[in-house]
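Reader: I am in my first year and still learning to read protein structures. Could you take me closely through one part of this one, and tell me what the words you use stand for?

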Amino acid sequence: MNILTALLASAAINGFFFFLAARMKTDVFTDITYSLTFAVLAVLGFVFRKGFHPEQAIVMIFVLLWAARLGSYLFRRILKTGVDHRFDAMRDKPSEFGKFWALQAVTVWIVMLPALGLYGAESIAAGEFLQRILLVAGSVLWISGFLIEAVADGQKYAFKNKPENAGKFMNQGLWKHARHPNYFGEILAWWGVALVALPFLSGWRLLYMAGPVFITVLLLFVSGVPLLEKSWEEKWGGDPAFREYKASTRLRVPLPKKGGGGGE
């Protein structure tokens with residue numbers, strides 16, 4: 001499957017669920033469609049791959065596990081909350097709502113570029129030694145990121161579901177050491193996928209490494225961390241405990257911090 005076909009598939013999946021979401025005026029489909037699109041592209045890419053390399057199967061498994069875990073978590077969350085307030089200003093405006101879905105389709109496609117490049121590779125572009133090193137390094141990175149993101153999401157979900165924590169900010173578990181450990185884990189996971197794919201990319205196909213760069217920039221500087229930091233500031237900015245937490249806790253990396261001072 002070439003990258004244009006993958007883009008069309010991503011657009012078709014998100015277009016279909018956009019139609020349902022807009023027609024039913026519901027937020028239930030949004031996040032689950034995000035994960036579903038990753039899973040579908042991973043399977044289609046593997047089925048219509050060129051040649052066969054173990055890395056192709058490994059990457060498909062990585063993406064499917066990540067998508068299943070995140071999708072089930074987000075689906076449980078939206079079923080519980082019933083609404084995603086990100087869409088309050090656009091839910092009744094199909095043109096604005098549609099822009100979000102179009103961006104989601106393109107985002108999945110860009111993030112999947114290293115995997116798509118791997119599926120389209122007929123031979124190894126790098127030496128076998130480098131291939132093995134990057135396979136091990138990428139796998140370790142992906143496993144670490146997957147576990148960090150899963151643990152962070154699980155801890156926050158459990159915290160939010162305790163009545164005594166209503167209205168409180170999360171500062172336990174991994175969140176005690178970083179304000180956004182889940183995003184850190186997700187970034188690691190996609191860099192892991194990219195490293196596994198890298199030995200099979202050469203020439204202009206090295207541009208496929210834009211995938212992990214894109215998700216890193218998106219989460220850290222555009223739609224992830226900045227939006228949450230702004231929301232938290234509006235909710236708890238006047239709380240001395242939150243000010244202390246923010247000043248003494250890393251922004252991303254869930255490691256104990258020596259001494260005081262601001263985030264990373």
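Author: Happy to! Let us begin with a word we will need: a residue counts as buried when its relative accessible area is under 20%, and as exposed when that area is over 50%, with partly exposed in between. Please keep in mind that this is a predicted model.

The part to look at is the surroundings of Phe169. Start with its partner Phe242, which has a relative accessible area of 1% and is therefore buried. Phe169 has a relative accessible area of 11%, so this residue is buried as well.

How do the two rings face each other? Aromatic pairs occur in this structure 20 times. In the pair of Phe169 and Phe242, the ring centres are 5.3 Å apart and the planes stand at 75°. Planes over 60 degrees apart count as edge-to-face, so that is the name for this pair.

Now find the two residues along the chain. Phe169 belongs to the loop between helix 6 (128-160) and helix 7 (181-197), while Phe242 is part of helix 10 (residues 240-248). With their positions 73 residues apart, the pair links distant parts of the chain.

Phe169 has another aromatic partner, Tyr245. Here the centres are 5.4 Å apart and the planes differ by 35°, which makes the pair tilted. Tyr245 also lies in helix 10, and it is 76 residues away from Phe169, so this pair too links distant parts of the chain. Tyr245 has a relative accessible area of 7%, and therefore it is buried.

Next, look at the helices on either side of the loop that holds Phe169. In general, two packed helices are described by the angle between their axes and the distance between those axes. For helix 6 and helix 7, the angle is about 160° and the axes are 7 Å apart. Because of that angle, helix 6 runs roughly antiparallel to helix 7. Their crossing is left-handed. Sorted by class, the residues in the contact of helix 6 with helix 7 are 16 nonpolar, six polar and three charged.

Stay with helix 7 for a moment and find Ala197. Its relative accessibility is 0%, so Ala197 counts as buried. Compare its position with that of Leu36: the two are 161 residues apart in sequence, and their C-alpha atoms are 21 Å apart in space.

A few more rings are worth finding while you have the structure open. Tyr34, Phe38, Trp66 and Trp190 make up one aromatic cluster. Rings can also have a charge over them: the charged end of Arg49 sits over the ring of Phe46, 4.3 Å from the ring centre. Likewise, Arg76 lies over the face of Tyr157, at 5.4 Å from the centre of that ring.

Finally, turn to helix 2, where you will find Leu44. Leu44 has 28% relative accessibility, so this residue counts as partly exposed. Leu44 and Tyr119 are 75 residues apart in sequence, yet 9.5 Å apart in space from C-alpha to C-alpha. Just ahead of this helix, in the loop between helix 1 (3-24) and helix 2 (28-47), is Lys25. Although it is not a glycine, Lys25 has a positive phi of about 50°.

Definitions and conventions
Residues are numbered from 1 along each chain as its sequence is written. This is a predicted model: local features need pLDDT of at least 70, side-chain atom pairs count only at pLDDT 80 or more; totals for chains, interfaces and linings use all residues. Side-chain values use heavy atoms; hydrogens and water are left out. Rings of Phe, Tyr and Trp (its six-membered ring) pair if their centres lie within 6.5 Å; planes under 30 degrees apart count as stacked, over 60 as edge-to-face and the rest as tilted. Helices (H or I, at least four residues) and strands (E, at least two) are DSSP runs, numbered from the N terminus. Buried means under 20% relative accessible area, exposed over 50%, partly exposed in between (1.4 Å probe, protein chains only). A charge sits over a ring if NZ of Lys or CZ of Arg is within 6 Å of the ring centre and within 35 degrees of the ring normal. Axes are lines fitted to C-alpha atoms, for helices over the stretch in contact, and angles run from 0 to 180 degrees between N-to-C directions. Angles under 35 degrees count as roughly parallel, over 145 as roughly antiparallel, 65 to 115 as roughly perpendicular and the rest as oblique. A crossing is left-handed if the near helix is turned anticlockwise from the far one by less than a right angle, and right-handed if clockwise. Ala, Val, Leu, Ile, Met, Phe, Trp, Tyr, Cys and Pro count as nonpolar, Asp, Glu, Lys and Arg as charged, and the others, Gly among them, as polar.
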